[in-house]
Amino acid sequence: MDLKALATANPDHWAKATAIRALTLDAVAAANSGHSGMPMGMADVATVLFEKHLNFDPTQPNWPDRDRFILSAGHGSMLLYSLLHLTGYADMTLDELKNFRQWGARTAGHPEYGHASGIETTTGPLGQGIANSVGFAMAEEIQRATYGKKVVDHYTYVIAGDGCLMEGVSQEAITLAGRHQLSKLIVLWDNNNITIDGPVTLSDRTDQVGRFKSAGWAVIEIDGHNPAEIDAALTQAKKGNKPTMVACKTHIALGHAAQDTSKGHGALTDADQMAAAKAAYGWTTGPFEVPADVKAAWETIGARGAATRRAWEERFDTLPRGKRETFNRTYALDVPKKLSAVVKAFKKQMSETAPKLATRASSEKVLEVINPVMAETVGGSADLTGSNNTKTSDLGVFDTDSRGGRYVYWGVREHGMAAAMNGMALHGGIRPYGGTFMCFTDYARPSMRLAALMKIPTVFVMTHDSIGLGEDGPTHQPVEHLAISRATPNTYVFRPADTIETAEAWEVALSTKETPSVLSLTRQGLPTVRTEHKTKNLTAQGAYVLVDADGKRQVILMATGSEVEIALAARDILQAQGIGTRVVSMPCWELFEEQDEAYRKRVLPGGPVRVAVEAGIGFGWDRWLSGERGRREKSAFVGMDGFGASAPAGTLYKEFGITAEAVAEKAKSLIK
């Protein structure tokens, strides 16, 4: 690669791109850690994108109609950090670059959403960014159909590497994007043929160009170091009616001794090699020094979007007042005033009629009253619509000819669905929820974890939540999945006992701003256990006394979901024998933990025997059995200690010993 020819052919462009390369080398050297090669290789592509195509305004980084830029190859974070600093984002100072990967810095090893303006999503795990981007692009389509092109009309740009495209989630993402003709989605592939272990050919022979074409994408192949070709490709991509992949042939660690080798992927910190690379670039300033004219050129690029943003604000102000208020409310993640009233009215009706319903069916009933008043909800299912009960009559279907539809048929793509829902939430203005069977949280898990890490309120509807699903057997019967979700920080895990608790769970899930929710819902019918109407959302307290003891309190039974009715039946047995028994419903442990100790003590006072019953493994229950004033020798768990089996639900509960009789006997054995 003739660097002198590149520099001579386009000197202004070269200087700006070299600033990215030099800052990357300096930051990685200062940290003695990081990934140098990708930012060095993709600096030309990023420079053209930011200079000539990306609509953004560093002074208003959250402007709703900005173009979104997603660095899916998140290990190349110094590319993004350099761009944010050079274009004038106030919180990406030079000191932040100097403190790359250090304690308290905004410049984490991989881009972390919420750490700094301009970081649209967390992109450490490869493939997540490109999968998120599908949700970003869908959100743009839905909102453009809702509010009009004058208010919503922007692109989602992605830089993805070979690793992103190897990860399986990328296949789910690109086929979704192709099916839905997401023409505002443009992926720039860093085609450098290098992975950590060596050439891509060590482990892969995929024709990526053919792969994207077969999925319904337009593909443009270019020299990723030729600014004219980069510009032309981006211009062409924006004119198409399909998502576009631009295959950018690049050299990893361009100009360095490690160029085109696997060593170029990682931290390039050898001082002599760094000096030689900078000399080859014609870069003569000291560490972290950008010549004034180059910095000024980048700041001019950063200032370019202010006029575009102001013009958008003028157009936005011409919208009818109601639309403006709804738009602003949804982007602020505020719920409509009607939500509380419709949930209360629904609860009252259900308490009075006391239906026996599977909580998945209860969930559908709740959504039938919520979705019409929350225009920002977008639902879906991973090919289990009839089982997850996530589609309501008012939503309409999102498709190529109905962009305003609010229901997505995700297909058998749990991982892609979860990642795209995260993208919708990150885009803003949308409250996404999507369903699958609870055992397939295994497939959605990486995105569920990132939702928690990013503090975004994605709602994961997980039905068929226990051995109670019956004949489908142990492969489909989740036993450890509640524990896995509960072990994840910043996650609300709801397991409602009836329709009332389901309504309350939805109200909380759709009201929170920084916490994703998992709704664990049954296949089998459950009786209404809350027959006395209360306007207060008791589920929001995490746990509460459902029925108190008659006489001296000797036993506290704790349960969630489908096992609450078992606990109530066990109470009847114990009370008939003169043993005063309290039943505590615990639909959300995390919310109960957030309550003050005085409330927790009222619900779980010290003294009585405690028995927990849940059709899952007991991992985590010690917190409530022997903690919170409980004692190990006076507590026990009734539930699963292994996997399930194929049989009707009633048989399974009996054979695995999850019955009212077993719970009552366990409690009696602990009374001394």
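In what order do the six strands of the open sheet with parallel pairing lie? The structure examined is a predicted model, in which local features require pLDDT of at least 70 and side-chain atom pairs count only at pLDDT 80 or more, whereas totals for chains, interfaces and linings use all residues. Residues are numbered from 1 along each chain as its sequence is written, and side-chain values use heavy atoms, with hydrogens and water left out.

The six-stranded open sheet follows the order β7-β6-β8-β9-β11-β10, and its pairing is parallel. Here strands (E, at least two residues) and helices (H or I, at least four) are DSSP runs numbered from the N terminus, and two strands pair if DSSP finds at least two bridges between them. The edges are formed by β7 (407-409) and β10 (492-494), each of which pairs on one side only. From one strand to the next, the twist averages 20°; axes are lines fitted to C-alpha atoms, for helices over the stretch in contact, and angles run from 0 to 180 degrees between N-to-C directions. Strands β10 and β11 (residues 517-521) run parallel and are joined by three bridges, with Val 493 opposite Val 518 of β11. Helix α19 (residues 441-454) packs on this sheet, touching β8 (431-437), β9 (459-463) and β11, where contact means heavy atoms within 4.5 Å. The direction of α19 makes about 155° with that of β9.

A further open sheet comprises five strands in the order β12-β14-β13-β15-β16, with mixed pairing. Its edge strands, β12 (544-547) and β16 (635-640), each pair on one side only, and the twist averages 30° from one strand to the next. Strand β15 (residues 609-617) pairs with β16 in the parallel sense over six bridges; Ala 612 has Phe 637 in β16 as its bridge partner. Helix α22 (residues 564-576) lies across β12, β13 (553-559), β14 (580-585) and β15, and runs at about 170° to β14.
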